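Q: I have just opened this one and would like to go through it with someone. Could you walk me through some helices and a few single residues?

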Amino acid sequence: PDRRKKMFKKNSLIVKVMFSMLFVSGITFAEEAEKVIQKPEGFMAVLTVIPLIIIIFMLYKKFDMLVAGFVGGALAMVIGKISLGEANGILLKSIPAMLTITVPIINSALAMAVFKSGGYTSALSLVKRGIKGKVEYLAAFIVILQAAATYMSGIGGGSAMVIAPLAFAAVGAIPELIAAMSIAAAVCFTTSPASLESSIVSKLSNIPVAEYVSMMKIFALVFTILAIALGYYGARKRKVIFKEDHEDEFSSKSNKELFIMTIPTIFLLFAVIFGPFVNQIAGMPLISPLVYSIVTIILIALCTKLSLGESSNSMVEGSNYILVRLFSVGIFLTFINIIGETGAFAAIVSVAEIAPKSLVVPVAVLAGFLVGVPAGAYVGSILTLVIPIAVSLGFSPVELGFVAIGVGLGSQMSFVNITMQALSSGFRIPIIDVVKGNSKWILGCLGILLVISYFV
C-alpha cells in the first residue's frame with residue numbers, strides 16, 4: 001500500500017507539472033508569427049538545454065519515453081514562449097515524417113513474414129545437420145543468422161526471440177555466443193535498410209536511407225565478422241557438445257524439404273543486400289521493393305506450409321512492430337523539435353565547437369553509448385536527442401552512423417532493452433548474467449569504434 005501511495009503521489013506530481021506547463025504555454029497562443037531560430041546566449045543558453053537534461057534524466061530513471069518527452073517539451077514551450085498552435089504544427093509535421101519511411105516498413109514486414117513461415121528455423125536445422133558435430137561452426141552460423149535476420153528486419157529483439165531458443169536447444173548458454181549475438185544485433189539494427197534507427201538518422205540528417213546504409217555497410221560488416229569470430233571462439237574454448245535433437249516439425253524433414261523452406265529467406269536477404277547493386281548494373285529498378293515484396297510472398301506460399309492468403313496476412317501483421325514504434329517516435333520527435341525551436345541545439349553546438357574537431361566525433365559516440373546503457377529500450381528516441389546535435393556540428397553520414405552504433409552497443413548492456421530480454425528468455429538465464437557476460441566484449445567493441453571514429 002505504501003508503495004502504491006508513493007507511486008500515486010509521484011504520478012500526480014508529474015501530471016500537475018504537465019498541465020501547469022501547458023497552461024503557461026497556452027498564454028502565448030496568439031503569437032503565431034514565424035520565428036527564426038537564433039543561438040541563445042548567456043543564461044538563456046543554459047536555460048534552453050535544461051529540457052534535454054530533464055528528458056535524459058527521466059530516461060535514466062526508466063520513465064516512459066513519451067512522458068519524459070512531454071515534460072521536456074512542455075518546459076521548452078514555456079522557456080521559448082512557443083504557442084500551442086506552433087506546437088500543434090510541429091506535431092503534424094513530425095509524425096507524418098516518420099510514417100512515410102516506406103521501404104524500411106516493407107522490409108521489416110517481409111522479414112517478420114519469413115520468421116512466421118519458419119524460414120530461419122529451417123536454415124539453422126539444415127546447417128546443424130551439415131557441420132557434423134562441429135559446434136563452433138554452428139555457433140558462428142547462429143551469429144550470422146542473427147545478423148542477417150536483424151539486418152533484413154531492422155529489429156534485433158524480434159530476431160533474438162526466434163533464434164535464441166533455437167541456439168539454446170542446440171548448444172546451451174555460451175556467454176561469448178550471447179555477447180556475439182548482441183553485438184551483431186546492435187551493429188545491424190543501427191545500419192539496416194529496414195530499421196527505425198536508420199530511418200531516424202535519414203530523416204534528421206536529410207540523407208536518403210539507401211545512401212546511409214551503403215556508406216555504413218563496411219563498418220557493419222567489420223563488427224559482424226568480429227561477432228562471428230567471438231561466437232566461434234566461445235564454443236571452441238568451452239568445448240561444447242551438441243544437445244540431443246528434440247522432436248519437432250523440422251527434425252523429421254529431409255534436407256531437401258528444409259532447403260526449400262529456406263528459399264524465401266535466401267531470396268529476401270539477397271534482395272535487401274544486393275538489390276541496389278543489381279539495379280545499378282541493370283540500369284533499372286529490377287529488384288525494387290514492389291518486386292521483391294511480391295516474389296517473397298509468393299515464395300513463402302510455394303515453399304512453406306503457409307497459404308498465399310496467410311503469407312500476405314503475415315506480412316501485414318509483421319508491419320505492426322515498426323509502425324507502432326515509428327508513430328511513438330514521431331510523437332517523441334515532436335517534443336525534441338519543440339526543444340530545437342528554443343535554440344538548444346545551437347547552444348550545445350557553440351560549446352562543442354570549442355573542442356578539437358578530432359575529438360568531437362569520439363566524444364559524441366561515447367555520449368551516445370553512455371545514454372544507451374540505462375535507456376536502451378529507447379534507442380530510436382536517444383537518436384532523436386543526439387543526431388540533431390551531431391548534424392548541427394556538421395557530422396558526415398559515416399560519423400552519424402558511428403554515433404548510432406555507439407547508442408546501439410550501449411543498449412546491449414541495458415536491462416530494459418528488448419534484445420537483452422529476448423536473449424535472457426531464450427537462453428534461460430537471468431538478465432544480469434547477460435549484462436555481465438556482454439560487458440567486456442561490448443566495451444571492447446566500443447573501444448574499437450572510438451578508435452575508428454577518431455581516424456576516419
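A: What follows is a walk through some helix pairs, some single residues and a few turns in the chain, and it should be kept in mind that this is a predicted model.

Q: Fine, let's start with α3 and α15: how do their axes cross?
A: Helix α3 covers residues 65-80 and helix α15 covers residues 320-341, and their axes come within 8 Å of each other and cross at roughly 25°. Because angles under 35 degrees count as roughly parallel, α3 and α15 are described as roughly parallel to each other.

Q: And is that crossing left-handed or right-handed?
A: The crossing of α3 and α15 is left-handed. On the α3 side the contact is made by M65, L66, G69, F70, G72, G73, A76 and M77, and on the α15 side by S328, V329, I331, F332, F335, I338 and I339. Sorted by class, this contact of α3 with α15 holds eleven nonpolar and four polar residues, with no charged ones.

Q: How do α11 and α21 lie relative to each other?
A: The axes of α11 and α21 come within 12 Å and cross at roughly 150°, and since angles over 145 degrees count as roughly antiparallel, the two helices α11 and α21 are roughly antiparallel to each other. Their crossing is right-handed.

Q: Which residues meet there?
A: From α11 there are F219, F223, L226, L230 and Y233, which meet W441, C445, I448, L449 and I452 of α21. By class, the contact between α11 and α21 has ten nonpolar residues, no polar ones and no charged ones.

Q: Staying with α11, where does A227 sit, and what does it touch?
A: A227 is in helix α11, which runs over residues 209-237, and with a relative accessible area of 1% A227 is buried. Apart from neighbours within four places in sequence, A227 is in contact with V143, A180, I183 and A184. The C-alpha atoms of A227 and A184 are separated by 6.0 Å, although these two residues are 43 residues apart along the chain.

Q: Back to α21 then: is S453 buried or exposed?
A: S453 lies in helix α21, residues 431-455, and it counts as buried because its relative accessibility is 3%, where the cut-off for buried is under 20%. A polar atom of the S453 side chain lies 2.8 Å from the backbone oxygen of L450. Leaving aside neighbours within four places in sequence, S453 is in contact with V361, P362, V365 and F402.

Q: What about T262, what does its side chain reach?
A: The side chain of T262 reaches the backbone oxygen of L258 at 2.7 Å. T262 belongs to helix α12, residues 255-282, and at 7% relative accessibility T262 counts as buried. Not counting residues up to four places away in sequence, T262 touches G119, S122 and A123.

Q: Changing topic, how many residues of α10 are buried?
A: Helix α10, residues 196-205, is mostly covered, with eight of its ten residues buried. Those buried residues are L196, E197, S198, S199, I200, V201, S202 and S205. After α10 comes N206, whose phi is positive, near 60°.

Q: Why would a positive phi be worth a mention?
A: It is mentioned because most residues other than glycine have a negative phi.

Q: Where else does that turn up?
A: K81 is one case, with a positive phi near 55° in a residue other than glycine. K81 is placed in the loop between α3 and α4, and its relative accessible area of 53% makes K81 exposed. R428 also has a positive phi, of about 55°, although it is not a glycine. R428 is in the loop between α20 and α21, comes just after α20, and counts as exposed at 66% relative accessibility.

Q: So what covers the buried residues of α20?
A: The cover over the buried residues of α20 includes α8, α9, α19 and α21, and the buried residues themselves are T419, M420, A422, L423, S424 and G426. At the start of α20, a side-chain oxygen of N417 reaches to within 2.9 Å of the backbone nitrogen of T419.

Technical notes:
Residues are numbered from 1 along each chain as its sequence is written. This is a predicted model: local features need pLDDT of at least 70, side-chain atom pairs count only at pLDDT 80 or more; totals for chains, interfaces and linings use all residues. Side-chain values use heavy atoms; hydrogens and water are left out. Helices (H or I, at least four residues) and strands (E, at least two) are DSSP runs, numbered from the N terminus. Buried means under 20% relative accessible area, exposed over 50%, partly exposed in between (1.4 Å probe, protein chains only). A polar contact is a pair of N or O atoms within 3.5 Å; within protein, one must be able to donate a hydrogen and the other to accept it, and residues adjacent in sequence count only if both atoms are side-chain atoms. Contact means heavy atoms within 4.5 Å. Axes are lines fitted to C-alpha atoms, for helices over the stretch in contact, and angles run from 0 to 180 degrees between N-to-C directions. Angles under 35 degrees count as roughly parallel, over 145 as roughly antiparallel, 65 to 115 as roughly perpendicular and the rest as oblique. A crossing is left-handed if the near helix is turned anticlockwise from the far one by less than a right angle, and right-handed if clockwise. Ala, Val, Leu, Ile, Met, Phe, Trp, Tyr, Cys and Pro count as nonpolar, Asp, Glu, Lys and Arg as charged, and the others, Gly among them, as polar.
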